[in-house]
Amino acid sequence: MTSRKWRKSSRSGGSGGSCVEARLGDVGPQVRDSKMGDASPILNLSDHDYTALLSSVR
């Protein structure tokens, strides 16, 4: 298991809205719902899918 810390989106703000966290895991990029914390499912993405996700939310 990776020991890298989660990074919250700078666009999440402090108002408790939609919050996403990301990190580089052992097998590639991972994302989760920061509101759920450790209880959140972790999505393991390919580099291509992560790049597509970032492009679609910009």
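Me: Let's start with a definition: a residue lines a pocket when it has an atom within 4 Å of one of the pocket's grid points. Which residues lie nearest the centre of the largest pocket, and how many line it?

Reply: Happy to start there, with the reminder that this is a predicted model. The largest pocket is lined by 20 residues. Nearest its centre are S9, V20, Y50, L54 and V57. The volume of the largest pocket is about 590 Å³.

Me: Which elements each supply at least two residues of that lining?

Reply: They are β1, β2, β3 and α1 (47-57). The largest share comes from β2, with 5 residues.

Me: On to the sheet. What makes it an open one, and in what order do the strands come?

Reply: Its 4 strands follow the order β1-β2-β3-β4, with antiparallel pairing. The ends of that order are β1 (7-8) and β4 (43-44), each with a single partner strand, so one side of each has no neighbour in the sheet.

Me: Why do β1 and β2 count as paired?

Reply: Pairing needs at least two bridges between the strands. β1 and β2 (residues 20-24) have 2 bridges, in the antiparallel sense, so the requirement is met. As an example of who faces whom, R7 stands opposite A22 in β2.

Me: And how many bridges join β2 to β3?

Reply: There are 5, and the two strands run antiparallel. One position to look at is L24, whose bridge partner in β3 is P29. β2 and β3 form a hairpin with 4 residues between them. In that turn, G28 has a positive phi of about 140°.

Me: What makes β3 and β4 a pair?

Reply: The bridge count again: they share 2 bridges in the antiparallel sense, and at least two are needed, so they count as paired. Here Q30 stands opposite N44 in β4.

Me: Why is Q30 called buried?

Reply: The relative accessible area of Q30 is 9%. Buried means under 20%, so Q30 falls in that class. Q30 lies in strand β3, a strand that is mostly covered, with 4 of its 5 residues buried.

Me: What does the side chain of Q30 make a polar contact with?

Reply: One partner is the side chain of R23, at 2.7 Å. The side chain of N44 is also joined to that of Q30, by a polar contact of 2.7 Å. The cut-off for such a contact is 3.5 Å, so each pair fits within it.

Me: Now R32. Where is it found, and is it buried or exposed?

Reply: R32 is found in strand β3 (residues 29-33). Its relative accessible area is 12%; the limit for buried is under 20%, so R32 is buried. Leaving aside neighbours within four places in sequence, R32 is in contact with W6, C19, V20, E21, G37, D38, S40, P41 and I42.

Me: What makes the pair E21 and R32 a salt bridge?

Reply: The rule asks for a side-chain nitrogen of Lys or Arg within 4 Å of a carboxyl oxygen of Asp or Glu. For E21 and R32 the N to O distance is 2.8 Å, and the side chains meet in a salt bridge. E21 lies in β2 and R32 in β3, so the pair ties together parts that are 11 residues apart in sequence. At 11% relative accessibility, E21 counts as buried.

Me: Which salt bridge does R32 form with D38, and is D38 buried or exposed?

Reply: The closest N and O atoms of R32 and D38 are 3.3 Å apart. That is within 4 Å, so the pair qualifies. D38 has 76% relative accessibility, and exposed means over 50%, so D38 counts as exposed.

Me: How many salt bridges does the rule give, and what do K35 and D33 contribute?

Reply: The count comes to 3. K35 and D33 supply one of them, with side chains meeting at 3.3 Å, N to O. K35 is exposed at 52% relative accessibility, whereas D33 is partly exposed at 24%. Salt bridges that share partners also join E21, R32 and D38 into one network.

Key:
Residues numbered from 1 in each chain as written. Predicted model: local features only at pLDDT ≥ 70, side-chain atom pairs only at ≥ 80, totals over all residues. Heavy atoms only, no water. Buried < 20%, exposed > 50% of the residue type's maximum accessible area, 1.4 Å probe, protein only. Contact = heavy atoms within 4.5 Å. Polar contact = N/O pair within 3.5 Å; in protein donor to acceptor, adjacent residues only side chain to side chain. 1 Å grid on protein atoms, 1.4 Å probe; cavity = no way out; pocket = protein on both sides within 12 Å on 5 of 7 lines; lining within 4 Å. Points joined across faces, edges and corners; volume = space filled by probe spheres on them.
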